[in-house]
Amino acid sequence: MIFNIAHTTEYEYSSPVSYCHNIATLRPRESKGQELLSYEINIYPEPAEVTERIDFFGNYLTRFSLQSQHSVMKVVTKSKIIRDYKAYRESFFTDACKGVTLNSALAALQSNSPEIIEAKQYILESIFIRRTDKAIRDYAELSFKGERSVFEAAYELMQRIYTDFDFVSGFTSISTPIAEVMKEKKGVCQDFAQIAIACIRSIGLPARYISGYIETLPPEGQKKLIGSDASHAWFSIFIPNFGWIDFDPTNNQIPFDQHIVVGWGRDYYDVPPLKGVVFGGGKSELKVAVDITAENNM
Amino acid sequence: MPVISTAWLNNYFTDYKYDEMFTPEMEVKPHWNQLFNGLKDLGEEGLKTRQKDIDWLLSENGVTYNVYNDPKGLHRPWNLNVVPCLLHESEWKTVSEGLKQRAELLNLVLKDIYGDRKLIKEGIVPSEIIYGHRGFLRQCAGINYSTDKLLSMYAADISRGTDGRLWVVNDRAEAPSGMGYALENRSTTSRILPEMFSKMNVKRLSGFFQEFNQMLLDASPENKENTNIVILTPGSHNETYFEHAYLASFLGYPLVQGNDLVVRDGFLWMKSLKGLKQVDVVLRRVDDVFIDPLELREDSHLGVAGLLDVVRRNNVAIINPVGSGVIENPGLIPFMPAIAEYFLKEELLLPQIASWWCGQEKERNFVLNNISNLVIKRIDRTNRESIHFGEFLSSEEKEKLKLEINKRPYRFVAQEKISFSTTPNLANGKFEPRNMVARAFSIATKDGYSVMPGGLVRVARDRNTFRVSNQRGGTSKDFWILEDTPSVETKAQYLNLNTSISVSGLNDLPSLTAENLYWAGRYVGRTLVNARFLRMVLKQMVLVQDNNEKPDSLKLQLLYKAVTQLSGTYPGFCKKNKKGEYAMDNPYEEILSVILDKDRAGSLAHTISMFSNSYYSIRNLWSSDMWRVFENIQKIWKNFEEDSDRSINKMIKVLNQLITRLIAFMGLIEESIMVQQGLLLYFIGLQLEQSILTITKCRSLLTIKYDEQVEYELLEYLLVSHESLNIYRYSYRSYIKIEHVIDLLLFDLEYPRSLTFMFSRIKKDIAKLPHSNTINHLIDYQKYIFEGFSKLRLACAEDLVKTKSEQDLLRKDLDDLFEHLSTLLFKTSQSISKTYFDHTNTQNQLVRQSFPI
């Protein structure tokens, strides 16, 4: 399927900003079953300079700075991607994937192949997911057992998070510690993804954080509202000798084509859509709108 | 060699380990002979005196080492023991070859870690040692640097191992400290022990510092004539701030803080008085993660937003590059032999402390089974709290630690206990052995690395302490490398730096320095004027029987009110406070508080502390004479605070001392700092402050008409507090009349203490500021001063003293003039701040967060 994604982020400041430096992680990367057809980013007011680079994890970062005084900053991206996840998704249910048990996975991670070395960094603590406690490990161990299939365990973990945790926006912020989310069992997609990642790492397997979008489908017969789509986040687990598999604990599903990948990292810290340092500005008000439209000509 | 027996050597050893100076039989090793004889000739008393001289010199020069949360206060004096530590060149040669090799190896490791990561890919180094180290900054991966060596500076802590050789125990690369202290130690010790230093063929440090300077120049990404180098410090609260300032003034580069710098158009700029000036090289003492709030720690105010991107574009060089912290990594130690083999096909020349990385099963088991004999560290935490000495842990603590290790084994390294050698230290007039560690410094040169012939030796606090650390109250020593033949001094002992690079003018003055100088001027002026006024008031109080009740005389009441107005300590004597108490009912109490309560804004104690802060943060501009007087002022005040005597006479005495020192200090400033170094800003601040306070003082005492006797006395007090009574008598030779007083204090064009004189001086000084206009239209602050100056020139004392009618008590015209002048000065100050000290922009995060990286 081909999707057109328009993503607008707007900051309105209570007092003027004299200059600012920003980094955006908004350009969708290539990933399994997904290709980027076109992309543009427009920033208002006109930035003094824009540069793009690929970061350590392979994500596209856009860095820009606004050097003249402004009270509003607007970043608009338009991406066109083609996504066909079906074939890859179906392969999850084959023995090559499902047959990998926790014990065999842990043993396979001892190898020094480039793929394993690359994946192993996602077992270590990361900036937002650190010092995880026993509660996390206990929670993980209910699903992950030595001779059990890793895929099945991860699937179950996703289901359990979906069932045990309540989606409550506004309860957590990006700085809410994992332990607190675990204790309160409330949060948003970021929190659920990070809880799952913490669990998987606690038993010694690699897991990473995926930042992206999800197309929301309106109820049957209703017209879709503009701006109703959203930035989204989910997690991915590494199954040695097979590959990375995505799970969306917020929606209790393995992504289909509606999950559009923008970037990934160890946790949210590595792939925030937009961050920056502003000089002046006072208080700011943020508005975000995402629109995803599918082109049905395939 | 005969066995030595001297009183001050009694009980030198209780049990012998390796000693630097003595053999187990208490014979002096040959290379120590000359020093030993020299010290013996000095005798116990002589040595004590020399030590005292050192302590005095260090404290006079303000050599400090700040300890966070130290009850002794921020600026703890640096400890330097009179007995240097010696090493013969023959041994040092081996050590320095080993250090050069290690520096090169770590340089290659650093390049590899942020480049191809072959060490990881080819299985030489386990990935967790790098990826699991907080110092590995993924933001820095893949940067192409223009310098040949990535690791420009490298420091190693070395100490003797069990085999008597010097071993490496720590690698330091992020922003290694100690070089400046080593230099200061050398300068002090060579002055205190001249007879020994000059005869003992001690290798000199000057060549090394020349190379150091050359290294900074060569680091510039662009080859140009005037390379701009700055030294970036976290600020005056940092523990080694003294050293930052010392190196800055020694090398002649501006000392800046993050606020002084800004990133624009892909380059790094220093905010200077004139405007932005491009920076090519940053010698930084700010830690990796604090250096760029855009890409690293978001909540850091010590760095510069966007700096990493400038590095990425190769438009600035940071020494050492951001991310070097990853090689401060004891996890690498067990793999160093393999790394040496991999990169250089060589064996390690220098032994290193035995270490076991717990990420490997066999090693981990060994560590868990032998934990009591080992020292456990984190691979990425070298602070004391993260170091566990197995032998001192309770069995409960041991179990807890084992659990931690099992949970995240890759994070831990165990090391054997350092055995240390001892070296003689003078303590209470006796020689005592102390465990010692030396920090050695290497820098990148065109062909390899160069090692400082010397270094910073630190010894434990007492003979039973085996850990060596500055924070724990250890002491330091000069480190002499001795040659058999006299050291040929190729150049003068002082650095012959390439002079074309600096001598920067007022335009290039960092704006933060400019601001500090401006406020230094203002606070010094405020302290002096307030101290003089308070002294005059106290002298009146002495004459009163009881100062704990409301004074009968009107003149005293007026003086008290003037104290409140001058110091700005409202409500004070002017009004009842919120609790309904009226200070006038107990003047003594209130005056005491205005002098001593440092938490009260406007009090003398508060002003002095503001004055000290502003001076401390520009200490690289100071001469040592200034330090001496500054320290003296601090001491006077401290003693007063601790003294129980709170009598009025005592207070007068202290103020007398304070005022004398302040005046000496002000005189020294004028001759120690050059106008283009920023003295102009100091003068502007000082004159502005004195003008403002002169106006306040005159306004309090002159604008209301009183009966003749009261008025006469007030005029006299005013003249006294203004140190102008003698001048008045000399000029007018008459009964004190208000018209004449106004003429003298306000309008006299020749008298330096008059307001008109000060305005005229400010007018001249501000015209020299970079943005001032001397040809066409004046800019704002010039206009205000010009207007004030004209007002003063046009006024006439005869008219001003009149009131509207005989019954009217307020001298309205005079009061209006004062008010007008105050407003103009206030606006001037604001306009200068706005034009030159750019602070309106507070740094904020787009998305507020703060996380340790």
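Strand 3 (residues 49–54) and strand 4 of chain A run antiparallel and are joined by 6 bridges; strands count as paired when DSSP finds at least two bridges between them. This is a predicted model, in which local features need pLDDT of at least 70 and side-chain atom pairs count only at pLDDT 80 or more, while totals for chains, interfaces and linings use all residues. Residues are numbered from 1 along each chain as its sequence is written, and chains are lettered from A, and ligands numbered from 1, in the order in which they are written. Helices (H or I, at least four residues) and strands (E, at least two) are DSSP runs numbered from the N terminus.

**Around strand 4 of chain A**

- Within the pairing of strands 3 and 4, Thr51(A) has Arg63(A) as its bridge partner.
- The hairpin formed by these two strands has 5 residues between them, and Gly58(A) takes a positive phi near 95° there.
- Strand 4 also pairs with strand 1 (residues 2–24) of chain A, antiparallel and over 5 bridges, with Cys20(A) standing opposite Leu66(A).
- Strand 4 (residues 60–66) is largely enclosed by the rest of the structure, because 6 of its 7 residues are buried (20 or more other C-beta atoms within 10 Å of a residue's own, with C-beta atoms placed from the backbone; 12 or fewer is exposed, and in between is partly exposed).

**Chain A as a whole**

- Chain A has 8 helices and 13 strands, and 43% of its 298 residues count as buried.
- Its radius of gyration of 20 Å agrees with the value near 19 Å for a compact globule of 298 residues; the radius is taken over C-alpha atoms, and the globule rule is 2.2 Å times the number of residues to the power 0.38.
- Along the principal axes, the C-alpha atoms of chain A fill a box of roughly 60 × 45 × 40 Å.
- Of the contacts in chain A between residues at least 6 apart in sequence, 77% join residues at least 24 apart (a contact means C-beta atoms, placed from the backbone, within 7 Å).

**Where chain A meets chain B**

- Here 31 residues of chain A are in contact with 29 residues of chain B.
- On the chain A side, strand 1, strand 4, helix 4 (114–120) and strand 12 (274–280) each supply at least two residues, and strand 12 gives the most, with 7 residues.
- That side has 16 nonpolar, 11 polar and 4 charged residues; Ala, Val, Leu, Ile, Met, Phe, Trp, Tyr, Cys and Pro count as nonpolar, Asp, Glu, Lys and Arg as charged, and the others, Gly among them, as polar.
- Strand 12 of chain A pairs antiparallel with strand 23 (residues 843–845) of chain B over 3 bridges, and Phe279(A) stands opposite Gln843(B).

**Two domains of chain B**

- The domain assignment of chain B gives domain 1 (510–672) and domain 2 (676–838); such bounds come from an automatic or database assignment.
- The centres of these domains, taken over C-alpha atoms, are 22 Å apart, and 27 residues of domain 1 are in contact with 26 residues of domain 2.
- On the domain 1 side, helix 13 (511–542) and helix 14 (554–567) each supply at least two residues, with the largest share, 17 residues, coming from helix 13.

**A sheet in chain B**

- Strands 8-9-10 of chain B, in that order, make an open sheet of 3 strands with antiparallel pairing.
- Strand 8 (261–264) and strand 10 (276–278) stand at the edges with a single partner strand each, so one side of each has no neighbour in the sheet.
- Strand 9 (residues 267–271) pairs with strand 10 over 3 bridges, and Met270(B) stands opposite Lys277(B).

Key: Two residues are in contact if their C-beta atoms, placed from the backbone, lie within 7 Å.
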